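Me: I would like to go through the sheet in this model and one acidic residue beside it. Could you take my questions in turn?

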Amino acid sequence: PKTDIVFLKVHKSASSTVMNILFRFGEMHNLTFAFPVGGGNQLFYPHHFLAKFVQGFSPQRPRRFNILCHHMRFLQPEAQKVVSSSAVYFSILRNPVQLMESSFSYYKGTSAFSHARSLEEFLSQPYHYYNPADGDSHYARNLMTFDFGFNPDGEVSAERVQLMLKAIEASFDLLLISEYFDESMVLLKEMLCWDLDSVVSFPLNIRDSSTKSHLSDTIVEKIKDWNRLDWEIYTHFNRTFWERIDRDIGRERMRQEVKALRERQAELARTCLQGTGSVAPKDIKDSSLRPLQHGSAKILGYNLKQGLDKETERMCRRLVTPELQYSSALYKKQFAQKPP
């Protein structure tokens with residue numbers, strides 16, 4: 001199994017669920033994480049990533065960490081200073097249309113979105129609300145382009161798009177697609193030589209459907225237009241994703257693998273969860289399992305079954321622990337104060 005990993009955690013793209021998979025694997029195998037200095041949950045985002053943002057890194061005695069996966073704005077030469085040269089790089093993408101709808105709800109407080117009553121209103125005259133100079137403007141336009149380290153306001157010429165796609169291809173071994181999450185996990189498992197249980201997950205940091213808004217065809221086109229760079233990235237890597245499946249796995253075997261993954265997930269849901277699915281934040285009984293609520297989104301969580309034996313309880317708890325709580329527990333474990 002591969003243990004040296006860089007995951008570029010792109011915002012609002014099922015990346016919290018992927019992070020939970022990495023946290024669990026790292027914890028089970030006693031791996032080290034490149035945590036932000038002081039143990040926050042972002043590597044000084046939205047600045048481009050620098051090695052010095054990592055707790056315990058020093059240029060004099062560079063130390064390598066196994067997993068780099070907290071939110072960052074990608075800059076490969078700096079990432080290479082904190083992980084081994086054989087590390088596997090991967091990320092996950094989401095359809096920019098759904099991504100923008102989600103961002104508008106989740107980042108409602110940002111300068112570009114706070115004065116628009118609806119996404120329609122924002123898109124009817126974006127420059128009335130959007131100012132590229134604002135420190136948080138990246139949430140409102142080409143967010144994936146920004147997270148990959150590029151300029152979200154750059155011109156959209158064929159040549160520039162090609163350069164960007166080539167740069168991403170040169171840096172990353174695999175790009176997953178959140179709309180095909182289970183297929184993505186099968187590809188990830190194959191690439192990392194992990195077993196099935198390592199990539200099983202319950203969806204984390206997801207919104208209650210009551211806060212999702214329906215988008216008309218006109219709005220969909222406006223979103224694609226406004227996020228043209230993201231759209232180019234997404235359509236390109238959605239295509240290569242399926243080419244890779246055809247080349248390395250084949251559709252038939254992929255169907256079987258996905259089926260096995262879903263069956264295992266359903267089995268774990270029956271073992272671990274009260275009910276079999278997610279619940280509204282107000283119905284989460286254990287406050288340590290309550291995810292951070294943000295913007296106008298309602299973020300769902302889970303209740304564990306009572307009376308599980310210790311080992312099962314521990315496994316189940318790992319599967320449903322929200323990102324911030326899990327990250328902070330692992331940070332405390334990795335940087336435990338050694339008694340004198």
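Reply: The sheet comes first, then the acidic residue.

Reply: This is a predicted model, in which local features need pLDDT of at least 70, side-chain atom pairs count only at pLDDT 80 or more, and totals for chains, interfaces and linings use all residues. Residues are numbered from 1 along each chain as its sequence is written, and side-chain values use heavy atoms, with hydrogens and water left out.

Me: What is the strand order in the open sheet?

Reply: The order is E2-E1-E3-E4, with parallel pairing among the 4 strands. Strands (E, at least two residues) and helices (H or I, at least four) are DSSP runs, numbered from the N terminus. Two strands pair if DSSP finds at least two bridges between them.

Me: Which are the edge strands?

Reply: Strand E2 (67–68) and strand E4 (174–177), each of which pairs on one side only.

Me: How many bridges link E3 and E4?

Reply: E3 (residues 88–93) pairs with E4 in the parallel sense over 4 bridges. Phenylalanine 90 is opposite leucine 174, isoleucine 92 is opposite leucine 176, and leucine 93 has isoleucine 177 as its bridge partner. E1 and E3 also pair in the parallel sense over 4 bridges, and there isoleucine 5 has valine 88 as its bridge partner.

Me: Why is E3 described as largely enclosed?

Reply: Because 6 of the 6 residues of E3 are buried, the strand is largely enclosed by the rest of the structure. Buried means under 20% relative accessible area, with exposed over 50% and partly exposed in between (1.4 Å probe, protein chains only). Val88, Phe90 and Ile92 point one way, and Tyr89, Ser91 and Leu93 the other. In a regular strand, side chains alternate between the two faces of the sheet.

Me: What covers E4, and which residues are buried on its faces?

Reply: Both faces of E4 are covered, with Leu174 and Leu176 buried on one side and Leu175 and Ile177 on the other.

Me: New topic: where is aspartate 4?

Reply: Aspartate 4 is in the segment before E1. Its contacts (heavy atoms within 4.5 Å) include Phe65, Asn66 and Val88, not counting residues up to four places away in sequence.

Me: Which side chain of opposite charge is nearest to aspartate 4?

Reply: Arginine 64, 8.9 Å away; aspartate 4 is buried yet has no salt bridge. A salt bridge is a side-chain nitrogen of Lys or Arg within 4 Å of a carboxyl oxygen of Asp or Glu. Lys and Arg count as positive and Asp and Glu as negative, while His and the chain ends are not counted.
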